[in-house]
Amino acid sequence: MRDILVQSQYQLVAVLHQFVVCQPQLSKQKKEKEKRLAATDRAVCISVLEAMGFRVGQGLIERLTRDSPSFKDELDIMKFVCKDFWTKVFRRQVDNLRTNHQGTYVLQDNKFALLTQLSNGKQYLDQAPKYLAFSCGVVRGALSNLGLESVVTAEVSSMPSCKFQVVIQKS
């Protein structure tokens, strides 16, 4: 009888030990899974916003270029986007346009309209991609309708300043 009690206590201790040791590990696995799901959800949301912006950009550029003459080259299109298009969409011109003359353009806006409502520090810096995905889509859609397939990304180092990098895809 005594052996059965000792064996039961040993089994109970073993089960408790296993629970104590394995529970944090299961909890850690659960947290990692939740992080992966959150990252996936965030990526899907950003992708949907960018696609919505793409369609809006296509429609806006159609209206803005209805009465405009055709453009000479890629640089001419980018100048139009930085001056006229940006003014109509974001109510101000791009502060700086740079190019390497090989299909890469950097558009810098020091007071980007969609970020000025947020903090002027680094408080919401990690949230900026959500706010810029739509704008990247708008620019990409506009360029697409003007005949330039591109990849548009945005970078924020300090709010409300941002840089849009446009890489024209050569076909």
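This is a short tour of the structure in your viewer, one selection at a time. Keep in mind as you go that the model is predicted.

**Stop 1: the sheet**

Start by colouring the strands. You should find 4 of them, forming an open sheet in the order β1-β2-β4-β3, with antiparallel pairing. Now pick out the edges: β1 is residues 96-99 and β3 is residues 150-158, and each of these strands pairs on one side only. Turn the view to look along the sheet, and you can follow a twist that averages 20 degrees from one strand to the next. As background, strands of a sheet pair through backbone hydrogen bonds, either parallel or antiparallel.

**Stop 2: the β3-β4 hairpin**

Next, select β3 together with β4, which covers residues 161-168. The two strands form a hairpin, with 2 residues between them. They run antiparallel and are joined by 7 bridges. Two pairs are good to label here. S150 has I168 in β4 as its bridge partner, while A154 stands opposite F164 in β4.

**Stop 3: the other side of β4**

Keep β4 selected and add β2, residues 104-109. How many bridges pair β2 with β4? There are 6, again in the antiparallel sense. To see one of the pairs, label D109 and its bridge partner in β4, C162.

**Stop 4: two helices across the sheet**

Now bring in helix α2, residues 74-90. This helix lies across β1, β2 and β4, and runs at about 15 degrees to β2. Then show helix α3, residues 128-145, which lies across β3 and β4. Its angle to β3 is about 145 degrees.

**Stop 5: the loop after α2**

Move to R91, found in the loop between α2 and β1. Is R91 buried or exposed? Its relative accessibility is 77%, so R91 counts as exposed. Select A113 as well and draw a distance between the C-alpha atoms: R91 and A113 are 7.7 Å apart in space, with 22 residues separating them in sequence.

**Stop 6: a nonpolar patch on α1**

For the last stop, show helix α1, residues 2-64, and find V48 within this helix. Add V44 and M52 to the selection, and switch on a surface. Together V44, V48 and M52 make a nonpolar surface patch, with about 260 Å² of accessible area between them. Look again at V48 alone: this residue counts as partly exposed because its relative accessibility is 44%, which falls between the 20% limit for buried and the 50% limit for exposed.

Notes
Residues numbered from 1 in each chain as written. Predicted model: local features only at pLDDT ≥ 70, side-chain atom pairs only at ≥ 80, totals over all residues. Heavy atoms only, no water. Pairing = 2+ DSSP bridges. Axes fitted to C-alpha atoms, helices over the stretch in contact; angles between N-to-C directions. Contact = heavy atoms within 4.5 Å. Patch = residues over 30% accessible without salt bridge, like charges linked within 9 Å, V, L, I, M, F, W, Y side chains within 5 Å. Areas by Shrake-Rupley, 256 points an atom, 1.4 Å probe, with all protein chains shown as cover. Salt bridge = Lys/Arg side-chain N within 4 Å of Asp/Glu carboxyl O. Buried < 20%, exposed > 50% of the residue type's maximum accessible area, 1.4 Å probe, protein only.
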